[in-house]
Each structure stands twice: as structure tokens, then as C-alpha cells.
Amino acid sequence: MSIDTTAAPDDLVAPFQIEGEPVRGRLARLGAAVDEILAAHDYPEAVANLLGEACALAALVGSNLKFDGRLIVQAQGDGPVRYVVVDYDTDGALRGYCRYDPDAVAKAAQGFVRPGAKTLLGEGVFIMTVDQGADMDRYQGITTIEGETLALCAEQYFAQSEQTPTRVRLAVGQADLGDGLRWRAGGMLIQNIAEDENRGPTAEAWVRTQAFFETIGEDELIDPTISAETLLFRLFHEDGVRVFEAKPLKAFCRCSQDRIESVLTSFSPEERAEMVEDDGLIKVTCEYCSSTYSVDPADLKAEA
């Protein structure tokens, strides 16, 4: 789509609460951040869409972490896309990539409907991992890939792993703000807060909120001219919605020259010798951001 009007704020996750109702949620809008992640590779459209959905999902779920750490969203299977993974750090940094078979993806993408998660990943598993740091145990939840979208995989994950009624909507597309087509992604997550003595029954409010949620269009989630506040008001103005301070998002990869050299020192001199190219250097390309690092083997000898 081509857009001529001023863009609304991007690269954020906005938490919200339905006024007077036991329903909370988060709305994610990704512009430059997801474009940087997807543009780092020449992904086919179907693969870029899958990775974009994973980025939006990681932002929606990860932004709710109450500690410093990271969330890893991944799915893997026996289909044309073998692996999709996104890391979300609690400072809002995102990175991700897909591993896929180009010929198999091209075959799966033939037809009028863009293939979804189940078609691309095949039989496999959807995994969310919470990493609380080196001194803490990791928490990992795993479910089978059942739905055709990552949104359905996430809903199944929450139903099985956390027993929390959850709905998720994800969207990915491209828009032209005057400087060419750029990737965009968006998503919304709502959850039903469990009833207790103070809240009383919550089922009716959950059904009502889901009815509004179902009216969201994918184009609205990625429209660069619609702010998070405007979209939430459109959906929930009858009940009222309270929007809290948004958390920023950014594309950021943890690779660096020092990290690459540290990894190379874990190999034996003989193994490193086999990595040397014709110009006498070892070259390593990051799977996430596609940055290439050149290392002189002589600089590693003292650390080996």
C-alpha cells in the first residue's frame, strides 16, 4: 500500500486495560525495527511474513516480563521452513532469522493464498523460552504446531502451558511512506484475568471483548497512519480503554568482533586452519543480521 499522510508512532508495545472489565492486553506496532530484521536477508515473501509475525509475537509476550532477561520465540518442523526464531530482550531489542529450503518454499507458495505457519513449518513444535540470566534456570514451554498461523500456535501455548484464556492477532505487510516499500508488522494480545471473590464472574466480559477483538483488520494493525491509541479506541470505545506507557522496540543484534573471535578460540588450531579463505582470513557471517566479520588467525593464537 502507498501512504501519503504523516505516520503514527512506531516500534512500540502499548499495554492496555478495558475499563471496568477483567481484560488486559498489549498492542504492538513495528516499522523500522522489523524492516531492518527482514531486509537483512533476501527472504521470499512467505518466509518474511512468518518471521515478521514471530517478531510481533515476541514483542507482545516479551514486553510483559517483569525482570531483566529475554524471551525466545521459536518454531521448528519438517516443512519448507525448518526453523524460525526471534529473541526479545527486556530493553526492547529484537533480532530474528529463518532457515528454509528455497525450492520447497517456492513450491509451497504457489497458488492464491499465502502459506501460513503450518504449511511452511510442517509437523513440528512451537516453543517459548524465558531466559532470566546466567544464574537462573530457564523456563520453557512447548506445544505442537496445530494452527495455520503463529497467532493460533501462541493461543494454544497459553491454553496449555499457562491455562490463561488468550487471543492473539498478527499481521505483516509492506507500505510506502515515500521512500520505497518497507516491511511493517503489528499484533494484539488480550487475556482474561481469572475470576476471584473481588472480581466475580469474568466469562461474560471475556466473550464481549473477544467480539470486539474479532473486528480487527490486518490492515489496521500495520497501517502507519493509525496510532495505537486510535486503534484501541476504535475497538473498545463502548467500554472504554486505558492505555499505559508504551515500551520502545528496536532491532539489535548481539554479534560483535569480540564475540566472533571468542567463539573462534573455542576451535582447535587445526579446525581454524580449515576455515581460512584464500585471502588468509577467517570470515564469519551472522545468521541474524548478515554482518560479516573478518578475523586474522594470527590474532587468535595467544587466546587459543
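**View 1. Helix 2 and helix 5 meet through a set of named side chains.** Here Leu50, Glu53, Ala54, Leu57 and Val61 of helix 2 touch Leu150, Ala154 and Phe158 of helix 5. Sort the residues of this contact by character and you get seven nonpolar, no polar and one charged. Keep in mind, here and in every view below, that this is a predicted model. How can we describe two helices that pack together? We give the angle between their axes and the distance between the axes. For helix 2 (residues 45-62) and helix 5, the axes come within 10 Å and cross at roughly 35 degrees.

**View 2. Six strands make up an open sheet.** Follow the strands across and you will read the order 7-6-3-4-5-12, with mixed pairing. Which strands sit at the edges? They are strand 7 (139-144) and strand 12 (250-251), and each of them pairs on one side only. Strand 6 (residues 124-131) is joined to strand 7 by six bridges, in the antiparallel sense. To find your place in this pair, look for Thr129, which stands opposite Gln140 of strand 7. Helix 5 (residues 150-162) also appears here, packed on the sheet, where this helix touches strand 6 and strand 7. The direction of helix 5 makes about 120 degrees with that of strand 7.

**View 3. Helix 8 has buried residues on the same side.** Five names to look for in helix 8 (residues 228-236) are Ala228, Leu231, Leu232, Leu235 and Phe236, which are buried. Why do they lie on the same side of helix 8? They cover an arc of only 105 degrees around the axis, and that puts them there. A general rule helps here: an α-helix has 3.6 residues a turn, so residues three or four places apart point the same way. What do the buried residues of helix 8 pack against? Their partners include strand 1 (12-18), strand 2 (23-30) and strand 9 (181-192), and also helix 6 (203-213), helix 7 (218-222) and strand 10 (241-243).

**View 4. Asp35 and Arg182 form a salt bridge.** The structure holds 21 salt bridges, and in this one the N to O distance is 3.8 Å. The pair links distant parts of the chain, with Asp35 in helix 1 (residues 32-39) and Arg182 in strand 9, 147 residues apart. Is Asp35 buried or exposed? Its relative accessibility is 12%, so Asp35 counts as buried. Arg182, at 38%, counts as partly exposed.

**View 5. Arg70 and Asp131 belong to a network of salt bridges.** The closest N and O atoms of this pair are 3.5 Å apart. Arg70 lies in strand 3 (residues 70-77) and Asp131 in strand 6, so the pair ties together parts that are 61 residues apart in sequence. Both Arg70 and Asp131 are buried. Which other residues are linked in the network? They are Asp87, Asp89, Arg95, Arg138 and Arg254.

**View 6. Lys118 and Glu123 meet in a salt bridge.** Their side chains come together at 3.3 Å, N to O. Lys118 is partly exposed, with a relative accessible area of 22%, whereas Glu123 is exposed, at 55%.

**View 7. Arg242 touches residues far away in sequence.** You can find Arg242 in strand 10, where this residue is partly exposed, with a relative accessible area of 45%. Leaving aside residues up to four places away in sequence, Arg242 touches Pro15, Phe16, Gln17 and Glu19. Arg242 and Glu19 are 223 residues apart in sequence and 6.3 Å apart in space, C-alpha to C-alpha.

Notes. Residues numbered from 1 in each chain as written. Predicted model: local features only at pLDDT ≥ 70, side-chain atom pairs only at ≥ 80, totals over all residues. Heavy atoms only, no water. Pairing = 2+ DSSP bridges. Helix = DSSP H or I, 4+ residues; strand = E, 2+ residues; numbered from the N terminus. Contact = heavy atoms within 4.5 Å. Axes fitted to C-alpha atoms, helices over the stretch in contact; angles between N-to-C directions. Nonpolar A, V, L, I, M, F, W, Y, C, P; charged D, E, K, R; others polar. Buried < 20%, exposed > 50% of the residue type's maximum accessible area, 1.4 Å probe, protein only. Arc of directions from axis to C-beta. Salt bridge = Lys/Arg side-chain N within 4 Å of Asp/Glu carboxyl O.
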